[in-house]
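Work through the exercises below with the sequence and the structure at hand. Try each task before reading its solution.

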Amino acid sequence: MVFIIRGKMGSVRDENPTPLSEGDVCGQELLTWCLEHSSVSGNGKKIRSSGQQLISNRTVKCLTNVEAFVLRADDLEDITATFARFLRSPCVQGTIRLYITSSHIVLG
């Protein structure tokens, strides 16, 4: 996931360009994927399903100098394992969906 702090980027998927700039986020589907494919054992240890990987079909390029915060797949797996119960709450899921649909966030 990429959180853009400053600058402009362009995101292309299936020949459809999408501009990205300050305040935009790209790649939230990784959070959903991590929630669906991760489990935590009774003692709190992460259980990993082997052979499952998320592959993006999006190309993102910097159009200007960009300052951004990035969460890699491993980072998100750790976060979702640590906060799995909280993130799977229907109330939290509804808030996330509402935020995504009401802001300028690029899915994918």
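**Exercise 1.** Which residues in helix H2 (residues 73-82) are buried?

Solution. The model is a predicted one. Step one is the cut-off: a residue is buried if its relative accessible area is under 20%. Step two is the list for H2: Leu 76, Glu 77, Thr 80 and Ala 81 are buried. Step three is their placement: these residues cover an arc of only 135° around the axis, so they lie on the same side of H2. The general background is that an α-helix has 3.6 residues a turn, so residues three or four places apart point the same way.

**Exercise 2.** Describe how helix H1 (residues 29-37) packs against H2.

Solution. Two packed helices are described by the angle between their axes and the distance between the axes. For H1 and H2 the angle is about 50°, and the axes are 9 Å apart. Angles under 35 degrees count as roughly parallel and those from 65 to 115 as roughly perpendicular. The angle found here therefore makes H1 oblique to H2. As for handedness, H1 passes H2 in a right-handed crossing.

**Exercise 3.** Work out the order of the strands in the open sheet that three strands form.

Solution. Start with strand S2 (residues 8-13), which pairs with S7 in the antiparallel sense over four bridges. In this pairing, Gly 10 has Lys 61 of S7 as its bridge partner. S2 also pairs with S3, again in the antiparallel sense, over six bridges. Here Ser 11 stands opposite Thr 18 in S3. The order is thus S3-S2-S7, with antiparallel pairing. Strand S3 (16-21) and strand S7 (59-62) are the edge strands, each pairing on one side only. From one strand to the next, the twist averages 25°.

**Exercise 4.** Describe the connection between S2 and S3.

Solution. The two strands form a hairpin, and two residues lie between them. In the turn, Asp 14 has a positive phi of about 55°.

**Exercise 5.** How many aromatic pairs does a search of the whole structure find?

Solution. The search finds one. Phe 3 and Phe 69 form this pair, with 6.0 Å centre to centre and 55° between the planes. Planes under 30 degrees apart count as stacked and over 60 as edge-to-face, and the pair is tilted. Phe 3 lies in strand S1 (residues 2-6) and Phe 69 in strand S8 (residues 67-70), so the pair ties together parts that are 66 residues apart in sequence. Phe 3 is partly exposed, with a relative accessible area of 27%. Phe 69 is also partly exposed, at 46%.

Key:
Residues are numbered from 1 along each chain as its sequence is written. This is a predicted model: local features need pLDDT of at least 70, side-chain atom pairs count only at pLDDT 80 or more; totals for chains, interfaces and linings use all residues. Side-chain values use heavy atoms; hydrogens and water are left out. Two strands pair if DSSP finds at least two bridges between them. Axes are lines fitted to C-alpha atoms, for helices over the stretch in contact, and angles run from 0 to 180 degrees between N-to-C directions. Rings of Phe, Tyr and Trp (its six-membered ring) pair if their centres lie within 6.5 Å; planes under 30 degrees apart count as stacked, over 60 as edge-to-face and the rest as tilted. Buried means under 20% relative accessible area, exposed over 50%, partly exposed in between (1.4 Å probe, protein chains only). The arc is that of the directions from the helix axis to the C-beta atoms. Angles under 35 degrees count as roughly parallel, over 145 as roughly antiparallel, 65 to 115 as roughly perpendicular and the rest as oblique. A crossing is left-handed if the near helix is turned anticlockwise from the far one by less than a right angle, and right-handed if clockwise.
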